[in-house]
Amino acid sequence: MSKNTIKDTDLLYLGSVLRAREAKMMTRDKLERLLDASDYDDAAKIVADNGYPDMSGMSHTEIDNALGEYAAALFNELSAVPTARPIIDIFRSRYDYHNIKVLVKAMGANTTGDHLLSKSGRVPAGVITEAFNTGERRDLPEPMRHAISHAVGILSRTSDPQLSDIDVDRRYFAELLDMANAIGNSFVTGYVQLLIDSANLRTLVRILRMKKDAGFLKNALIDNGTVRKDRLLAVSPSGEELRELFTASVLEKAAELGADAVGGGSLTWFELSCDNAQILYLGKAKLVSFGSEPVVAFVAAAEAEILALRMILTGKRAGIAPDVIRERLRSTYV
């Protein structure tokens, strides 16, 4: 095992704290109250009563910023616990690579992407921006340095930001799996592999639906999921084999809807089912009293809650009908 392996007892106290906080999270019933609120400000007051900042009167951009600040503060708080930091970094790394993709695209468009940068990553957004502006990247983790160099090189050769994105995603998931394996917990590794499987399933369904060539698909798929790339590449244009590939996994329902989506069915229901598969997987953590599992489950559930609140509040602000918002909400962990 890696020398960085986390012992369950290292997280005994934090696990108990997060279990208590978990009990105060937004249930589906609470989200329904938000949906049924008379107007945006009424919904914002309910959210504020549940521990979030008061977002009354805010614009769409201000809502995004407020929830982004809330998420960043949560990550900073949990990262301050040394034994938990490797787990929290698994979640924070996504925002690092998001920032890389934003800055690569901005470079290609000869503009700035500052307003799209996230503050929730392991590395301050300003440090990543400085690395782009100066070419000096010694302050970045090695995988991120390589991701930037390769993405910039691909964009320079091809002028295709989508190809840069694909390479950044591949390197993101490779680092993510290395981080999970270093923790030495099968639940954590399984969670990361679920993210890879979900990303591959989404990619496969979209590419089959758009009828893109097999070469593009091979380049876009991620290694080291529970379903091998060669099996995914063997799926026929109809997508029928998807049902079999993910049988008896939490992605089984998503795969069924994915096969339907390839033939013209709803992408919305497919995407929602992929999101809900994560909640199904996290349900295993409810049976574990302490260790990595409660920490992973809490952080993933907190991210899902913030996403749901953003969807509801911005929808309310835009005057979107509650039923339209409701059908896009994923299942809740609590």
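**Cores, cavities and pockets**

Colleague: Let's start with F246 in this predicted model: which residues does F246 touch, not counting residues up to four places away in sequence?

Modeller: The model is predicted, so side-chain atom pairs count only at pLDDT 80 or more. With residues up to four places away set aside, the residues that F246 touches are D197, L201, V227, L232, L251, E252 and A255.

Colleague: Which helix gives the most to the largest nonpolar core?

Modeller: That core holds 86 residues, and I100, L201, F246 and L282 have the most contacts inside it. With 13 residues, the helix that gives the most to this core is α9 (residues 186–210).

Colleague: How many residues are in the second, separate core?

Modeller: Good one to ask after the core of 86 residues. The second core is separate, and its members include Y40, Y52, I306 and L329. Its size is 24 residues.

Colleague: Is F75 buried or exposed?

Modeller: F75 sits in helix α4. Its relative accessible area is 2%, and the cut-off for buried is under 20%. F75 is therefore buried.

Colleague: Leaving aside neighbours within four places in sequence, which residues is F75 in contact with?

Modeller: R92 is a handy place to begin: F75 and R92 are 17 residues apart in sequence, with their C-alpha atoms 7.4 Å apart in space. R92 is among the contacts of F75. The full set is I88, F91, R92, Y95, S120, V299 and E303.

Colleague: How many of the residues of α15 are buried?

Modeller: From its first C-alpha to its last, α15 reaches 39 Å, close to the 39 Å expected at 1.5 Å a residue. The helix is mostly covered. Of its 27 residues, the number buried is 22.

Colleague: Which residue follows α15?

Modeller: α15 covers residues 292–318. The residue after it has a positive phi, near 75°, and is G319.

Colleague: Which residues lie nearest the centre of the largest cavity?

Modeller: There are 2 cavities of 30 Å³ or more, and the largest holds about 110 Å³ of space. Its lining has 9 nonpolar, 2 polar and 2 charged residues, with helix α15 contributing the largest share, 4 residues. Of the 13 lining residues, those nearest the centre are M26, A301, A304, E305 and T332.

Colleague: Which element gives the most to the lining of the second largest cavity?

Modeller: This cavity has about 30 Å³ of space and is lined by A71, L74, F75, V299, A302, E303 and I306. Two or more of these residues come from each of α4 (60–79) and α15. The element giving the most, with 4 residues, is α15.

Colleague: And the largest pocket: which residues lie nearest its centre?

Modeller: The largest pocket has a volume of about 2000 Å³. Its lining divides into 23 nonpolar, 12 polar and 15 charged residues, and α9 gives the most, with 10. Of the 50 lining residues, those nearest the centre are R94, Y95, H98, K101 and Y172.

Colleague: Last one: what is the volume of the second largest pocket?

Modeller: The residues lining this pocket include M26, L74, A302 and E305. Its lining divides into 7 nonpolar, 2 polar and 3 charged residues, and α15 gives the most, with 3 residues. The volume is about 260 Å³.

Methods. Residues numbered from 1 in each chain as written. Predicted model: local features only at pLDDT ≥ 70, side-chain atom pairs only at ≥ 80, totals over all residues. Heavy atoms only, no water. 1 Å grid on protein atoms, 1.4 Å probe; cavity = no way out; pocket = protein on both sides within 12 Å on 5 of 7 lines; lining within 4 Å. Points joined across faces, edges and corners; volume = space filled by probe spheres on them. Nonpolar A, V, L, I, M, F, W, Y, C, P; charged D, E, K, R; others polar. Core = buried A, V, L, I, M, F, W, Y, C linked by side-chain atoms within 4.5 Å. Buried < 20%, exposed > 50% of the residue type's maximum accessible area, 1.4 Å probe, protein only. Contact = heavy atoms within 4.5 Å. Expected span 1.5 Å × (residues − 1).
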